[in-house]
Each structure stands twice: as structure tokens, then as C-alpha cells.
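This report covers a set of aromatic pairs, strand pairings, nonpolar cores and the surroundings of one glutamine. It begins with a term that the discussion of the aromatic residues will need.

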Amino acid sequence: MKRMLLLTAVLILLASCTQEAALTIESDVSSFQFDADGGEFDAVIFTNGYWTATCEDKTVTLTPSAGDFSSPVHIKVGSNEENYTKVIRISLNATLDDLSRTGRIVITQQCRPFIFCDASQKTVGPEGGLVRFQVNSNDSWQAFRVPGTAACALYPVSGGPNLTEFSMMIPENTEGTELTYEVRLVLDNAPATEIVLTVRQAA
């Protein structure tokens, strides 16, 4: 009798393990890439149970967000307004009776070209001196003096990406009037993206 009970327990355990191992979930698209503007694509969820899809990123829309067995989902990603590349994870969950399995789709979304500085305008006394700026960008840049403004030495004349110290060596003011120095920092691969740095020098 004990042997029969033991055999029955083993068979139940094996059946449970077989059922659990049989539950699967996957997608025909495991990864995708977008530029900063975003976009949309279709994926097919393959499972032998019921599935749900969720994403914590508020710019992502999933239609539908649940289904059963193998069925499609339309994924729409909005624009990336952050100053960094986003990694978006869509979580997939399959259930069947008391069993569950998980999967995911990973989307990499680039950010827009950017360049910014700790301050766009600074002042210096008539004696001049080195004026430093902290510049951050996701592309390399070039420095150009704005025509019609006072001339000064620039260090460096190119830099980036990431955080770079940029300096303007302001000479002594012997003009007897306030001087304005302006420099444009322009991204190499996105020339429409730039910042203007201004130094005003007292007389």
C-alpha cells in the first residue's frame, strides 16, 4: 500500500513538472531600436497560455496588452525628450492554471542631439583672465567666435562628447568701455544644435 501511494505521488509530481515545463512564452521580436522620434512595430507573442504585456515607460502604448495563445501586439513608442539613450523593457507574462512564465522585449531609443553649459553668460573684470565653462554634449563640437564681438583665445577649439571644460582667455580691457565676447559651440553631426556663450567685461 505504501509503495502504491509513493508511486502515485511520484506520478503527480512528474505530471506537474511536465505541465510547468510545457508552458512557454516568447516573441518573434526580442529587441528593437528607434531614434529619438520613436515609432511603432508589430510583434507576435507565442505562448500556450494566456499572456499580458506591460511597460513602465509612459511613452509606450501596447495594443492589445493581453491575449491568449499566439497573437500579435502593436507596440508604439513616443519621442525621447530625455538627454540620454533610453532602454525600454516590455515585460511579458504567461499564465496557465497555477503556472507562469516570463519574457521580455527590449527597445533601445536614442536621444536627440544636445549641448548645454553650466552658464550661458559670465562676467569678468577689466583686468581680464580665464573664464571657464562646463560643457556637456552627446556629440563632438567646434568653437567659433561670433563675428562682431571682441576676440579672445579659446581652449579647446573642439571637444565632446560628454563633459568638457571650455575656457575663454579674456585679455585686459584697454578700450574704456564694456566689451562683449561671444562664442558659438556647434555640434559636428547636428550643426543646427548649438549654444552661445557670452562673457561681458567691465570697462
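A residue is called buried when its relative accessible area is under 20%, exposed when that value is over 50%, and partly exposed when it falls in between. The model described here is a predicted one. Because Tyr50 has a relative accessibility of 46%, Tyr50 counts as partly exposed, and Phe69, with a relative accessible area of 43%, is likewise partly exposed.

**Aromatic pairs**

The count comes to 6 aromatic pairs. One of them is formed by Phe32 and Phe34, whose rings are tilted with respect to each other, with 50° between the planes and 5.1 Å from centre to centre. Phe32 is partly exposed, at a relative accessible area of 30%, whereas Phe34 is buried, at 11%. Tyr50 and Phe69 also form a tilted pair, at 6.0 Å centre to centre and with 50° between the planes. This second pair links distant parts of the chain, since Tyr50 belongs to strand β4 (residues 50-55) and Phe69 to the loop between β6 (66-68) and β7 (71-77), the two residues being 19 residues apart. The two pairs are set out below.

| Aromatic pair | Centre to centre | Angle between planes |
|---|---|---|
| Phe32 and Phe34 | 5.1 Å | 50° |
| Tyr50 and Phe69 | 6.0 Å | 50° |

Phe32 and Phe34 also belong, together with Phe41, to one aromatic cluster. Elsewhere, a ring is met by a charge: the charged end of Lys122 sits over the ring of Phe133, at 4.8 Å from the ring centre.

**Strand pairing and the nonpolar cores**

Strand β17 (residues 179-187) runs antiparallel to strand β13 (residues 141-145), to which 5 bridges join it, and within this pairing Ala143 has Leu185 of β17 as its bridge partner. Strand β17 also pairs with strand β18 (residues 194-201), again in the antiparallel sense, over 8 bridges. Here Val183 stands opposite Leu197 in β18, and a hairpin joins β17 to β18 through 6 residues.

The largest nonpolar core has 22 residues, and those with the most contacts inside this core are Phe133, Phe166, Met168 and Leu185. Two or more residues are contributed by each of β10 (115-117), β12 (129-137), β13, β16 (162-170), β17 and β18. Among these elements, β17 gives the most, with 5 residues. Beyond its neighbours up to four places away in sequence, Phe166 touches residues including Phe133, Trp141, Ala143, Val183, Leu185 and Leu197. A second core, separate from the one just described, has 21 residues, among them Leu23, Ile45, Trp51 and Val60.

**The surroundings of Gln109**

Gln109 lies in strand β9 (residues 99-109). Is this residue, at 0% relative accessibility, buried or exposed? Because buried means under 20% relative accessible area, Gln109 counts as buried at its value of 0%. Although Gln109 and Gln33 are 76 residues apart in sequence, their C-alpha atoms are 5.8 Å apart in space. Leaving aside neighbours within four places in sequence, the contacts of Gln109 include Phe34, Asp35, Ala36, Asp37 and Gly38, as well as Val77, Gly78, Ser79 and Asn80. Two of these contacted residues also offer backbone oxygens to polar atoms of the glutamine: the side chain of Gln109 reaches the backbone oxygen of Gly78 at 2.9 Å, while the backbone oxygen of Ala36 lies 3.4 Å from a polar atom of the side chain of Gln109.

Methods: Residues numbered from 1 in each chain as written. Predicted model: local features only at pLDDT ≥ 70, side-chain atom pairs only at ≥ 80, totals over all residues. Heavy atoms only, no water. Phe/Tyr/Trp six-rings, centres within 6.5 Å; stacked < 30°, edge-to-face > 60°. Buried < 20%, exposed > 50% of the residue type's maximum accessible area, 1.4 Å probe, protein only. Helix = DSSP H or I, 4+ residues; strand = E, 2+ residues; numbered from the N terminus. Lys NZ or Arg CZ within 6 Å of the ring centre and 35° of its normal. Pairing = 2+ DSSP bridges. Core = buried A, V, L, I, M, F, W, Y, C linked by side-chain atoms within 4.5 Å. Contact = heavy atoms within 4.5 Å. Polar contact = N/O pair within 3.5 Å; in protein donor to acceptor, adjacent residues only side chain to side chain.
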